[in-house]
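Q: Could you walk me through one part of this model up close? I'd enjoy a connected tour rather than a list.

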Amino acid sequence: MPLNRRDFVTRSAATAAGAALAGGLAAAPASAADHDRDESRGRGPVPFKAAFTVMGTTDLHGHVLNWEYFTDSEYDDAAHNDVGLAKISTLVEQVRQEKGRGRTLLIDAGDTIQGTQLSYYFARIEPITGTKAPRHPMASAMNAIGYDAAALGNHEFNYGIPLLRAYQDQLDFPLLGANAVDAKSEKPAFPPYVIRELHLGHGRPVRVGILGLTNPGIAIWDKANVQGKLAFPGIPEIAAKWVPKVRAAGADVVVITAHTGVDGASSWGDQLPYSENAGAEIAATVPGVDAILVGHAHKEIPQRIVVNQQTGKDVVLSEPALWGERLTCFDFEVEFARGEWTVTGVSARLLNANTVAEDPKVVKLVADQHKKVVAYVNQVIGSCKEALSIADARFKDTPIIDLIGKVQADAVRDALAGGPYASLPVLAQAAPFNRTAAIPAGEVKLRDAAGLYIYENTLEARILTGAQLKDYLEYSAKYYAQVAPGAPIDPATLTNQANNTPDYNYDSIYGLSYDIDIAQPVGSRITDLSYQGAPLHPAAQFVLAVNNYRASGGGNFPHVAAAQQVWANSDEIRNTMIAWVKAKGVIDPADFYGTSTWRLVRAGVPVF
């Protein structure tokens with residue numbers, strides 16, 4: 001391919017400067033003819049050097065705009081992060097202008113269509129399935145920005161395969177998943193990879209292979225949607241199978257986009273033989289990979305370098321946090337010689353979305369859909385006698401968490417009425433999902449109730465014994481640090497212990513009373529466990545209202561995944577809560593708070 005003037009001048013100046021430094025002599029600029037002459041004389045070609053950038057996002061979770069639908073206000077957090085594809089679009093355009101539009105690619109590592117009320121609305125209220133269905137706002141935004149490929153995330157399956165396929169059909173780029181296979185044929189159910197060509201100014205185009213991988217945990221977390229239809233083999237195992245195929249298909253460079261963390265503990269224990277967070281394992285064990293965009297863990301990792309055990313080459317990994325807060329840039333340096341492109345260097349960096357304004361084109365693109373969702377979440381559904389806050393819910397039994405338990409227990413009790421399990425007492429599992437959730441005194445809007453339950457979980461009922469419930473609570477109590485009596489308490493380090501247990505994996509059980517002795521080691525913390533004032537009998541049977549994530553094994557809590565299921569519902573718990581408030585009209589904490597309680601103690605002395 002002929003060089004344009006800018007490329008010719010840039011390369012000539014660089015070559016001359018390098019020669020002067022090395023030998024102290026002036027040198028004629030290298031040209032395409034120089035490459036040919038040098039090779040014909042047996043001196044070998046003068047390598048042509050070039051650069052390109054692969055940009056990446058992950059865990060966008062339905063964020064198009066820098067907006068928080070639960071508070072009906074511009075998004076902000078303690079670190080003043082901004083979110084959304086409209087911000088990402090501005091960053092992407094900056095990189096394209098800096099590097100040259102034809103010298104960049106843009107990919108995503110999954111979890112795009114679940115997480116905000118915007119994405120929920122177009123999955124459940126006005127779904128994108130059907131002949132006259134609307135275009136999904138995430139598809140519209142990502143198409144407009146110009147993504148080249150995206151990996152499947154586990155949350156892509158939350159709304160079922162038909163909606164996922166409808167979303168896939170709306171995309172202008174492939175949705176990749178080499179390890180999302182047909183359950184019967186074991187053949188890929190989604191494209192495993194795509195190869196994109198970049199013209200860098202000399203020789204043939206460089207071919208960048210993009211391999212997509214998703215998380216095996218889908219088999220657990222969305223069992224109801226995928227069982228018997230799709231299977232999800234291990235990430236490193238499938239990477240080892242497909243990377244050579246991508247290379248054989250002509251890829252000069254291989255980038256993996258994978259919905260998996262770099263490393264860390266798995267939330268499913270021994271239920272699956274695969275790794276949940278396998279990015280570093282791929283880099284270390286699978287030869288032929290140049291860079292890996294990871295996700296799933298919601299971490300900010302500008303650059304992590306792992307040396308491949310077989311080749312000794314560096315593999316660069318990066319994770320751009322979540323929700324569009326950051327944009328990863330993999331900066332590649334390559335050389336062309338003897339008809340081949342070779343990677344000579346890779347580095348990664350992150351760009352911050354709070355440094356730029358939203359792209360007005362993307363904002364305009366989804367403006368009508370955004371307005372419709374804002375009106376939806378601001379519906380008045382009831383009232384509350386007093387303000388309820390989740391602020392202390394990680395440390396204390398609070399009315400707002402008991403409200404979640406009450407709604408779930410009522411739903412299960414009503415569903416079992418008149419049946420063979422109607423006589424069993426009903427308990428409920430709940431967790432502090434959203435640290436900013438609150439219900440105001442007075443008028444309650446749909447967004448207030450929905451903000452308590454930010455996940456698309458559905459409700460199930462399982463039978464557990466008293467002994468199993470104690471095991472369940474002991475496991476949950478690993479959330480707390482061990483603090484000796486009299487030692488100072490630091491709320492910042494008291495929670496999220498045991499491999500950084502997330503808030504959503506800290507369960508309390510509504511309907512029981514108990515103490516958690518944080519002076520004791522994990523496994524020996526639950527004391528004074530009782531039901532309706534009497535000690536909990538180990539053999540007594542209870543129905544536990546539990547979300548489908550936990551019932552399927554999410555979090556690896558003991559007993560519940562194997563327990564007998566006596567009821568299940570296909571509607572989201574969020575909608576159950578909204579319907580409960582509408583039916584009651586008034587939320588009165590006296591109706592549900594104080595009937596059971598838990599507290600943190602040290603040697604029997606309350607911590608708070």
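How many residues does helix α9 have, and how far does α9 reach from its first C-alpha to its last?

A: Happy to! Keep in mind that this is a predicted model. Helix α9 covers residues 235-248, which makes 14 residues, and it reaches 20 Å from its first C-alpha to its last. That is close to the 20 Å expected at 1.5 Å a residue. Even so, α9 bends by about 25° at K241, and a proline, P244, follows within four residues of that point.

Now for its surroundings. The buried residues in α9 are I235, P236, I238, A239, W242, V243 and V246. They pack against three strands, β8 (193-198), β9 (206-213) and β11 (253-258), as well as against helix α10 (279-285). After α9 comes G250, whose phi is positive, near 115°.

For another view of burial, take helix α4 (117-125). It is mostly covered, with 7 of its 9 residues buried: Q117, L118, S119, Y120, Y121, F122 and A123. Among the elements covering them are α5 (137-145), α6 (161-170), α12 (367-377) and β28 (564-572).

The loop between β4 (104-108) and α4 holds D111. This residue is buried yet has no salt bridge; the nearest side chain of opposite charge, R574, lies 13 Å away. Instead of a salt bridge, you can look at the polar contact that the D111 side chain makes with the side chain of H259, at 3.0 Å. D111 also touches other residues, including D59, H61, H155 and E156.

Conventions. Residues numbered from 1 in each chain as written. Predicted model: local features only at pLDDT ≥ 70, side-chain atom pairs only at ≥ 80, totals over all residues. Heavy atoms only, no water. Helix = DSSP H or I, 4+ residues; strand = E, 2+ residues; numbered from the N terminus. Buried < 20%, exposed > 50% of the residue type's maximum accessible area, 1.4 Å probe, protein only. Lys, Arg positive; Asp, Glu negative; His and termini not counted. Salt bridge = Lys/Arg side-chain N within 4 Å of Asp/Glu carboxyl O. Polar contact = N/O pair within 3.5 Å; in protein donor to acceptor, adjacent residues only side chain to side chain. Contact = heavy atoms within 4.5 Å. Expected span 1.5 Å × (residues − 1). Bend = angle between axes of the 7 residues up to and from the residue. Lists of a residue's contacts leave out its neighbours within four places in sequence.
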